[in-house]
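Visitor: I would like to learn how to read the contacts between parts of a model. Could you take me through them slowly, with the general idea before each case?

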Amino acid sequence: MSTELLLELSEVTAGYGKMPVLHGVSIKCHRGEIVTLLGANGVGKTTTLRTILGQLKPRDGEIKFNGADITRLPPHKTAALGVAHSPEGRNIFGNLTVIENLRAGAHLLKTRKELKEHLDRVYSMFPRLKERRTQIAGSLSGGEQQMLAMGRALMSNPRLMLLDEPSLGLAPQLVKLVADTLTEVNRTGTSVLLVEQNARLALEISRYGYVMEKGAIALEGNAKELGANEQVKKVYLGIA
Amino acid sequence: MRVREGFTAVARYPIGIGLVVLVLFLLDRSLPGFWLTLFLLFGINTILAVSLNITNGWANLFSIGHGGIMLAGGYAAALFTLPVFFKVDIIGLHLPGWILNVQIPFLPALLLGGVVGSIVGILLALPALRLRGIYFILVTLGFNLIMVSIAENLPNYTNGAMGLRQFPLYTNVWWVWGIAFLVIYIALRLRKSYIGRAFIAIGRDQELAEHMGINLLKYKIYAFGLSTFFTAIGGILWVHLILNLFPNAFSLALVFHVVTMIVIGGMGSVSGAVIGAAIITGFTEVLAPIEEGFQVFGVQVPHLFGLTTLLLAVVLILILILRPQGIMGEGEFSLQGLRKRLSRSKAE
Amino acid sequence: MKRLGFLLLVFVMAGSVALFGADKEPIRIGMIASITGDAAEMGIEFMESVLVAVDLINSRGGIHGYPLSVSIVDGQSDPAAFALKAHRLIDNIKVIAGFGACDISFATAAGEVFQAKKTVFTDIAGTTPTIPLVGDYMFMTPIPDNDQGRAVAMYINDVLGYKKTTIFKDIASAYGTKLTEYYIHFLKEFSDDPNPVPLVVTYETFDEDFSPQLTRIKAQAEKLGLEAIVLPTWPRDAPTIAVQARALGIDLAFIGTDGVDTTALIDVGGDSVEGMVYATHYDPSIPGQPQICLDYVEEFRARYDYDPGAFGTMAYDSLMIMVEAVKAVIDEKGEAWWDSAGLADKRTATRDKVATMTFQWTSQAFSFTPEGWPRRALVWRVVENGERVFYDFQSYEDYTPEGVETLPFK
Amino acid sequence: MPGDNNQRETGPILKIEGLNKSFGGLQAVLDFSLSLETGELKGLIGPNGAGKTTVFHLITGFHKPNSGRVVFKGINITAQSPNRVTKLGIARTFQKIRMLENIKVIDAMKTAFYLQKPYNVLDVLFQTPKYGREERQLEEKALEFLTFFGIAHLANDLGSDLPYGLQRRVGIARALALSPELLLLDEPTSGLNTVETDELVEIILEIKDKFGLSIILVEHDMRVIMDKGICDSIVVMHQGAVITEGTCEELQEDERVIEAYLGAGVA
Amino acid sequence: MTYFIQQMLNGVCWGSILAMLGAGYTMTFGIIGLVNFAHGEIFMAGAFAAYFALHVAGLPFGVAAVLGILGAIAIGLLVERIAFRPVRGSGMITLFITSFAASIGIRTLFVMLFTDRAKPFSMPAFLKGAYLIGDLFIFKKTIAVVIVLVVVGALLMYLVKKTKTGIAMRAMSYDSETAQSMGINTEKIIIITFIIASALAGVAAIMWGVSYGRIRSSMGMMPVVDAFIASVIGGLGNVFGAIVGGLILGIGETLFVAYLPPELIGLRTLFVWIVLFIIIIVKPSGLFRANVK
């Protein structure tokens, strides 16, 4: 596995209006890795992702992607560098059909050939989407919407995929599908920064993990080690 | 400018009332016709702006249909204040005798018109209150156009496009500013009571207001009823100042002017509405000589009609860009506040 | 602000340098017209016309050597603005007399103020006969709707010989509504036919598409035996109606009233209005005109490159009424009186002259009835080869025959 | 007391039975039942998207349930409008803080005293002594609340200008101003740092005793729920349904709870 | 029957203009939630540009039409730059007021510069005349207007449904933030939307000129309200809906005039609003599903 640094957050501080959320978050993600960001609700995981994307301007700190400083880049430019996002709650375009959603995700692709290629790739990962390609996305089931959100993010053939709570509200067999797909995606060369509540799932498929608490990184380490760490449990359940 | 303090004083000290009355008396006696008329229009605009502020500024029910209310109130009162001979002999309206053959004094006509305005306003509001945002605006806009259209198409009752004239000149400083001060007073008083606070809460955060136990529908109707009552009265005062009433008099342009007043003054502020009314009323008149052409050093600058309107549009856009909260924001003018600010600046 | 400054600069440079040699106090007259807003179309022609006429008078030495100064103010198509500006003319600019407006709503808004201040006011283009009811200081220059309705009905029935006509009624305009009513009333009186206007179609000011109404006319034309379409409209509407009617293959004759007499008739109407006969107030070729009027028309053409229509000449007439009345006052009382007299006296004296004298400098000689209506002839013009040319003439006596009630209903 | 004249039942202050709510295809709340004794502080926890806030919405009538019953003090308040529910004595705070824009803290508090309506319109318009007295009293009472929450010195600041932690306090003070018997707190400590959280927890416990409140507390911060052990009992929700109820100690050992939070994994 | 078809044709002609205007409305609303009251002035500016090209510069009709569309685009972009961009994001009411102010400002400026007189807009020779089928007049200009509507409408639908830009627009109208994270440059999309909406207004202006033969400085004032209603009827944000809404209003208004007693024709304005009120009360989202949330 390569150890080339792909994404690096150093001491990032950010918040919404009066509300500070992140207090100096540092995260590293290497090329070809799946890195997990764990933590209970409301500790700032989603905010971290939004800050990386540029939807939220950090107050302090630096974000580097692939060697370039992206700290204050607007989201569409960050995306153009190869960062894709599958947001929490999926945020699929409910007024568009499945295929149009996927095409919106492929906005950055230049040629039709590329489009076709990636479309085929996504369809092969999620055959369900192919079946429903002309259906209005708003009418899909929760699981299908999650597939669509992931497929949409994958359409731009990103170097890094930010994945926010993919298993939220999904039935166990779908959770498994999501996990398998993630491994598959990672195998084909896309790095993943995974935000997940389902800590067990996340730590099973990732190499490295961070645990957040109240807007800061409380713990980090190899996934295997974290999985065995009782601290994680404390962060989640407030028990020792 | 003496709005709030003046009023708290008025409520408490007869001296305050006496002073205001004296000032009005002197103005009434000394102002030449043009300035008096301007002063009266300022007063009427104040009534309109302050009452529009109740819905548009406080309760966030952004209506641009208040022209239709003025029209309804105006016609309702007009049919009773017109001299009988005009109604019967000159234009020959087809009205029931109890309207046709009476001419009533101004006060009952004002009350009548106000009530009619209120009723029409609430009738408009009932279905419209379910709508939000642009749909509400659209329905009120349509209401304004429809009222004009109805007035034009019922010549037997409204004399259609030929309009009504021969009104007695009832409008004067006492009526206009009496009612203007009353509206300001009521608005300021309500703002400092649970009623006004409920209006504002609804305007800011409807959901939260509901969770404070406020009955949304009831208070929206209160806001609309109160606002339209005084708007209609403003319309009646207008009619009895200009001395004619034509369906297209209360068009969107007029409503736009009033909206401009509260936007410039600061949506939600009573003193802002008064300041806005003063600015907009004065604006075109102060700048009128510029657009009418003038001489500078012997060179005749020719007329440039439309300049004031153009400038008004530009100023409005600039204000929305540079100071979107308007001159007063949502605060009220107060002597204490002014004193505080002055002493603070002195201290610095 | 930069752009505004630039605009002003351009206008300053283009502006004429008006320097009066005379040391006499200028005679101030005020005009209120809607130069912006919904009714700007007519207001602008008023203004153009008055600017020409004022220059003409001043180049001829003013009124007995007193320069004439006409203050033009913009009523913004808003009755309240009219009232306010009327106050300004009277109180601040201190005019001797005023004229202006274009519809009854504006005319009476301004007129009430002038009446209250006992200053004479002449309405330029509001034709509703009740306008002079405002009071004894209020007069109107155009032929009122009752007279015009009668004259047009008479002319169509007697001279043009159309038995069945249809009419376009603009319900949003007092002019369109009232004229239509009078026309129908009088036509019934003159015609043998009990129903000479079997179809009245209505529209509203600002409508642009008249094809539904025209299609309706076309469908019924034959059945009803229609011969002509009468168009008592604002200037913008008649030519559009004509164009759309011709396009629909309607070959009925068009008959217009004084509202259609502007350059837009030809500009917009083109071939479609060819042969259209319409009533108006003026034509350069009517006999017995004063030289000053002919000069005015020539100057107007030279300056603006089109003929003054009904609106231009009515503004000119209104101004000339005032000029002549003031001149008559000075003639009668002498310059010394004029220089020393108070404003109120001058205003009253001017009003008295306006009410009683016969005007000679106006486009045709006329005087006012006690009600304040003009006794003036109606001119008929026709569109021929894309020009508005003289067609016929109906004198006041012609269209006010004995035994016909003048104002048949209210 | 306004409200339905349903026959009073004795027993718990709030009783929820078989509440169901779905949005589109999503079952947000599934057969939710709960019983709250007077003076009880009950925690409502669960991972993200478990439906906790929706339960609050259903209690206050902001959403109408598809089925089920909410009974408060023996009165059936199912699907009543929020203003009526509030009148009966249920107040809530919001997860996403809601400050009335551009309104001073003191005025926001006075707005929250809406329900008291101690004078009528005529008192307002004629500035009767009663109005002055009552309005002064409202102000005093508002200040009293603010003092209690330690923010009296900020009374004349705009609510939206306050630091986040203090806004939370205003939110709770505002809810208390409605003089409720039942207080629904929706993540009161979210966005607060450790010190602020501790302070707020103290305050919550204090007001509970002082005003004799019954409280349902939705909370994400497990430390608040578990470490402090402030809840009399805790209801755990997962995917819209109640999975268990018990005390901290019981729950900490409950594998279902751990699974709900930490996930089952895929192995 | 001939009468009915003839009136339908009249209605289609008027409706097409409303449809073009309404489609532009709906697009700007969909993208930035703006009800652009100045749309009527953009439309008017297009008509003036074409008029000057045609009558003052004497250019051929085709060139004039293109210049008209470009003129509309120019004013549209100007309005976007001075009146909307600085206040973007400050709420619907602010946007509404600035657009109203922009509308009044531009209209007044045009009245100052060119007066409010009606100006001729002559149609080119190839659009003059009509085909006669029995008593039925089928105007070449009506055919042209319908062809333009169908072609432009189809192009628009293609653009919105099939192209990358169109999908980006619709994605943005649904969720601007998420769209941005797909690499969609929302600033660019807003500009493109304004260009397209203004171009549609330009097309409507040419249609108008050809159909009614006159233009004025204040011509944008009234149709803009009707067009707005058309877009609401069709579901604000839905281009196809706006076109259908425009046709419904156009044909409805015409038939109202065609069949009602003459004395009631004046209530034509009412018809529009009655339709609107019914739609808003019965189906507030409009006849077609809106593209916006």
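Guide: What follows goes through interfaces between chains, then contacts between domains, and ends with a single chain and a single pair of residues.

Guide: This is a predicted model, in which local features need pLDDT of at least 70 and side-chain atom pairs count only at pLDDT 80 or more, whereas totals for chains, interfaces and linings use all residues. Residues are numbered from 1 along each chain as its sequence is written, chains are lettered from A and ligands numbered from 1 in the order in which they are written, and side-chain values use heavy atoms, with hydrogens and water left out.

Visitor: How much area do chain B and chain C bury between them, and how many residues does the contact take from chain B and from chain C?

Guide: The size of an interface is often given as the accessible area lost when the parts come together. Buried area here is the accessible area, with a 1.4 Å probe, that two parts lose on being put together, summed over both, and contact means heavy atoms within 4.5 Å. Chain B and chain C bury about 3,700 Å² between them, with 65% of it on carbon and sulfur atoms, and the contact takes 44 residues from chain B and 46 residues from chain C.

Visitor: How many salt bridges and how many residue pairs in polar contact are counted between chain B and chain C?

Guide: A salt bridge is a side-chain nitrogen of Lys or Arg within 4 Å of a carboxyl oxygen of Asp or Glu. A polar contact is a pair of N or O atoms within 3.5 Å; within protein, one must be able to donate a hydrogen and the other to accept it, and residues adjacent in sequence count only if both atoms are side-chain atoms. Between chain B and chain C the count is three salt bridges, and Glu285(B) meets Arg88(C) in a salt bridge at 3.5 Å, N to O. The count of residue pairs in polar contact, both at pLDDT 80 or more, is eight for chain B and chain C.

Visitor: Which residues of chain C lose the most area to chain E?

Guide: Chain C and chain E bury about 3,200 Å² between them, 58% of it on carbon and sulfur atoms. In chain C, Glu208(C), Asp209(C) and Arg216(C) lose the most area to chain E, together 21% of what that side buries. The count between chain C and chain E is five salt bridges, and the side chains of Arg216(E) and Glu208(C) meet in a salt bridge at 2.9 Å, N to O. Across this interface of chain C and chain E the rule also finds 15 residue pairs in polar contact.

Visitor: Which helix of chain C gives the most to the side that touches chain E?

Guide: Helices (H or I, at least four residues) and strands (E, at least two) are DSSP runs, numbered from the N terminus. Helix 7 of chain C gives the most to the side that touches chain E, with seven residues.

Visitor: Where do the domains of chain C lie along the sequence, and how many salt bridges are found across their interface?

Guide: Domain bounds come from an automatic or database domain assignment, which for chain C gives domain 1 (2–143 + 288–356) and domain 2 (146–280 + 378–399). The C-alpha centres of domain 1 and domain 2 of chain C lie 31 Å apart, and the two domains of chain C bury about 1,600 Å² between them, 60% of it on carbon and sulfur atoms. Across the interface of domain 1 and domain 2 of chain C the rule finds one salt bridge. Glu41(C) forms a salt bridge with Arg236(C), the closest N and O atoms being 3.0 Å apart.

Visitor: What does the count of salt bridges give for the two domains of chain D?

Guide: Chain D is divided into domain 1 (12–98 + 180–264) and domain 2 (100–161), and their C-alpha centres lie 29 Å apart. Domain 1 and domain 2 of chain D bury about 610 Å² between them, 80% of it on carbon and sulfur atoms. Across the interface of these domains of chain D the rule finds zero salt bridges, and the count of residue pairs in polar contact is zero as well.

Visitor: What radius of gyration does chain E have?

Guide: The radius of gyration is taken over C-alpha atoms, and the globule rule is 2.2 Å times the number of residues to the power 0.38. Chain E has 19 Å, which agrees with the value near 19 Å for a compact globule with 293 residues.

Visitor: Why are Glu184(A) and Arg187(A) separated by about one helical turn?

Guide: Glu184(A) and Arg187(A) are separated by about one helical turn because they are three residues apart in helix 7 (residues 172–187) of chain A. Glu184(A) forms a salt bridge with Arg187(A), the closest N and O atoms being 3.2 Å apart.
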